[in-house]
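Colleague: I would like to go through the labels used for this model and hear what stands behind each one.

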Amino acid sequence: MATIEFRSVSKSYGTFEAVSDLNLSCAEGEMLALLGPSGCGKSTTLKMAAGIESISDGEIYFGDRPVSRLSPGKRNIAMVFEDYGLYPHLSIRENIAFPLRARGTHDAAGQKRIGEVLALLGLEAQAENPVRGMSGGAMQRVAIGRALVRDPNMILFDEPLSHLDADQKIQLRTEIKRLQKLRGITSILVTHDQTEAIAMADRIAVMNHGVLQQVGQPQDLYERPVNLFVARFIGEPPMNLLPVREHTGDAVNGAGWQVGLGGRALPAGASSLIMGIRPEHISLAPATPGVGTAEISYREPRGDVDVLTMRFHAEAGDGDILVAEIPGPSGFRAGDCVRPLIPTGSVLIFDAESGLNLEDAA
Ligand code: ATP
């Protein structure tokens, strides 16, 4: 096993920079997720680690060994792709054995290893069945077995669950996590799905337009997003981000609402601000006359929670829209008037222009 580190790595296609000055490391035995919207550079980053793409600048290290000039075959990396990449006419055993056959290590030790992997995956009884006709989830498990059998330095997962239905996704992400931890395999997971990243990864690196935005444990990204991009990208329903109209002493207010800052000082010169609050941190009290009441426009029941969309009553013009997630079924209906309670301690303040969370700058 090894660590992997990107030191000031960039990748350009002509004049277009797909990955810019990336500094990122994945510790031994860690699963690091690369998360971001389509085109943010996550697959390019993975391909550079695998050696399928060259780098334009910087260096990639496995442990203390620079590998950027090594061919893919010399890096001892296994990859798991979204489309499984299996040979349909071969059996489960033959597919798992394939990398050993290709490397000429299909001897007794190799057979033993194949047996171990089949046992690890619980596939011994079906080992001689052809993979053709198997479900997507089952095929991906075989593909993972094929990755494990080589005893790689690390495994790179490229959207491994994207073709699976919801049930299989949940099963397989638990299975991948179990195997990854059991074997302590350094792993990078590329995904655009935050639920997948949160469920599977030890840490998440969020990318946008080829630039690393933030890296940290899922809870860090959720509680302390460094900027508006991460705040919007992590969390479902997404964080409420309301424009601040006025910053008066110890409070900020907008169209129909006001929240206290609890003694937090905002940096001098901060002009246009955004107030952020997660829907699940909001509670609802009965409406009372005055500032801060809202009318519910839509209720989305989600079983154990209700997601309520409401509009604040403003003195002039339209009030801001707020989304609250409260325990359900709540009994609220469209047209009900409520007083949203926004706890000061959960409020984040961002600079609208730079997008930065001002918490650290205060
Ligand atoms: P997706 O999930 O859609 O693949 P991604 O985050 O993995 O998104 P990349 O595939 O890494 O994104 O692509 C990053 C950017 O680089 C995109 O704008 C893409 O169009 C561009 N790109 C990728 N490969 C090439 C290439 N071979 N030539 C030119 N541009 C490329």
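Colleague: How do the residues of the shell around the ligand divide into nonpolar, polar and charged?

Modeller: There are five nonpolar, five polar and one charged. The classes are fixed by residue type: Ala, Val, Leu, Ile, Met, Phe, Trp, Tyr, Cys and Pro count as nonpolar, Asp, Glu, Lys and Arg as charged, and the others, Gly among them, as polar. Before going on: this is a predicted model, in which local features need pLDDT of at least 70 and side-chain atom pairs count only at pLDDT 80 or more, while totals for chains, interfaces and linings use all residues. Residues are numbered from 1 along each chain as its sequence is written, and side-chain values use heavy atoms, with hydrogens and water left out.

Colleague: Which residues are around the ligand?

Modeller: They are Y13, F16, A18, P37, S38, G39, C40, G41, K42, S43 and T44. The test is that one heavy atom of the residue lies within 4 Å of the molecule.

Colleague: What makes the approach of K42 to the ligand a polar contact?

Modeller: A polar contact is a pair of N or O atoms within 3.5 Å; within protein, one must be able to donate a hydrogen and the other to accept it, and residues adjacent in sequence count only if both atoms are side-chain atoms. A polar side-chain atom of K42 is 3.0 Å from an oxygen atom of the ligand, so the pair meets the 3.5 Å limit. The backbone also takes part: a polar backbone atom of G39 is 2.7 Å from a ligand oxygen, and for a backbone N or O atom of C40 the distance is 2.9 Å.

Colleague: How much of the ligand does the protein bury?

Modeller: The protein buries 59% of the 620 Å² that the ligand exposes when taken alone. Those areas come from the Shrake-Rupley method with a 1.4 Å probe; for residues, only the protein chains shown count as cover.

Colleague: Which element gives the largest share of the shell?

Modeller: That is α1, with three residues. Helices (H or I, at least four residues) and strands (E, at least two) are DSSP runs, numbered from the N terminus.

Colleague: Why is α1 described as largely enclosed by the rest of the structure?

Modeller: Seven of its nine residues are buried, so the description follows. They are K42, T44, T45, L46, M48, A49 and A50. Buried means under 20% relative accessible area, exposed over 50%, and partly exposed in between, with a 1.4 Å probe and protein chains only. After α1 comes G51, with a positive phi near 90°.

Colleague: Why is the pair of Y87 and F98 called tilted?

Modeller: Rings of Phe, Tyr and Trp (its six-membered ring) pair if their centres lie within 6.5 Å; planes under 30 degrees apart count as stacked, over 60 as edge-to-face and the rest as tilted. Y87 and F98 are 4.5 Å apart centre to centre, with 35° between the planes, so they fall under the remaining class, tilted. Y87 is in the loop between β6 (77-80) and α2 (92-102) and F98 is in helix α2, so the pair ties together parts 11 residues apart in sequence.

Colleague: What makes F229 and F233 a stacked pair?

Modeller: Their ring centres are 5.5 Å apart and their planes meet at 15°, so the pair is stacked. Both residues are in helix α8 (residues 228-233), four residues apart, about one turn of the helix.

Colleague: How do you know that R7 sits over the ring of Y61?

Modeller: A charge sits over a ring if NZ of Lys or CZ of Arg is within 6 Å of the ring centre and within 35 degrees of the ring normal. R7 lies over the face of Y61 at 3.8 Å from the ring centre. The charged end of R278 is likewise over the ring of Y222, 4.1 Å from its centre.

Colleague: Why is Q180 called buried?

Modeller: Its relative accessibility is 2%, so Q180 counts as buried. Q180 lies in helix α5 (residues 166-183), and a polar atom of its side chain is 3.5 Å from the backbone oxygen of E30.

Colleague: Is H209 buried or exposed?

Modeller: H209 is exposed, at a relative accessible area of 65%. H209 also has a positive phi of about 50° although it is not a glycine, and its place is the loop between β9 (203-208) and β10 (211-216).
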